[in-house]
Amino acid sequence: MLLRYFSVDITAIQEYANQCDDIQHVRAEIRDFDAFDLRMRLPAAVSVLYKAIKSNGGVTYIHCTAGLGRAPAVALAYMYWVQGYKLNEAHSLLLSKRTCCPKLDAIRSATADILTGLEKNLVKLTWPGGNCSSVAIAGLDIGWGQSKPLTFDDKEGLWVLERELPEGHYEYKYVVDGEWKCNNSELLTQMNQDGHVNNYVQVSF
């Protein structure tokens with residue numbers, strides 16, 4: 001998403017790196033603006049970083065498209081998991097070097113996943129039936145850039161999505177006939193800085 005927005009030609013970057021004897025380009029994909037995807041992919045990204053650092057004597061440059069969220073989160077998780085920093089200390093040190101906004105909750109959740117295993121709980125979300133022909137959900141663990149369709153249950157008269165989710169806080173919104181809406185019968189967030197309100201579910205064990 002951001003690669004296209006900033007007109008970043010990743011292929012050209014990779015081809016340039018391949019022409020240099022002293023540069024190795026390694027990529028670990030994480031979706032933009034998606035805390036859940038960051039949580040799920042962070043261990044693999046840190047593993048890639050660890051191997052890169054071990055193979056080149058410790059000099060490694062980490063960057064995502066904007067360099068504000070995902071890359072700092074990977075660096076912070078590496079400092080926390082591998083180098084032995086306390087998370088808050090690592091965060092303060094990172095911010096002293098670069099203004100950025102790594103998602104600490106995603107790092108905490110990924111840490112808990114590693115330590116306790118990735119248990120999941122079944123969550124049921126519904127939208128009332130009526131004068132609509134399609135209902136989907138965006139956000140949740142799916143990401144805001146895509147959506148998951150709900151199935152209409154004739155007996156209940158409801159659009160239903162059942163999904164197994166690991167422990168955590170998930171925000172989402174319904175897409176009803178193409179229009180983004182909240183379900184006022186489900187939990188609602190406070191208005192954020194952009195003026196948006198979302199539904200949310202808190203999964204715990």
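## Helix α6

Let's start with a quick length check. Helix α6 covers residues 104–116, and at 1.5 Å for each of its 13 residues it should span 18 Å; the end C-alpha atoms are indeed 18 Å apart, so the expected and computed lengths agree. Keep in mind that this is a predicted model.

Which residues of α6 are buried? They are Leu104, Ala106, Ile107, Ala110, Thr111 and Asp113. These buried residues pack against three other helices: α3 (35–55), α4 (70–81) and α5 (87–97). Right after α6 comes Gly117, and its phi is positive, near 90 degrees.

## The three-stranded sheet

Now for the strands. Three of them make an open sheet, lined up as β1-β5-β4, with antiparallel pairing. Why do β1 and β4 each have a side without a neighbour in the sheet? Both stand at the edges, β1 at 120–128 and β4 at 151–153, and each has a single partner strand, so one side of each is left free of a sheet neighbour. On average, neighbouring strands here are turned by 40 degrees against each other, if you ignore direction.

Take a look at how β1 meets β5 (residues 158–166): nine bridges join the two antiparallel strands. Across this pair, Lys124 stands opposite Glu162 in β5.

## The annotated stretch

An unreviewed UniProt entry labels residues 40–98 "domain: Tyrosine specific protein phosphatases". How much of that stretch is helix, and how much is strand? In this model, residues 40–98 are 66% helix and 0% strand. The C-alpha atoms at the two ends of the stretch are 25 Å apart.

Technical notes. Residues numbered from 1 in each chain as written. Predicted model: local features only at pLDDT ≥ 70, side-chain atom pairs only at ≥ 80, totals over all residues. Heavy atoms only, no water. Pairing = 2+ DSSP bridges. Helix = DSSP H or I, 4+ residues; strand = E, 2+ residues; numbered from the N terminus. Axes fitted to C-alpha atoms, helices over the stretch in contact; angles between N-to-C directions. UniProt positions renumbered as here; feature names shortened; annotations may be inferred. Expected span 1.5 Å × (residues − 1). Buried < 20%, exposed > 50% of the residue type's maximum accessible area, 1.4 Å probe, protein only. Contact = heavy atoms within 4.5 Å.
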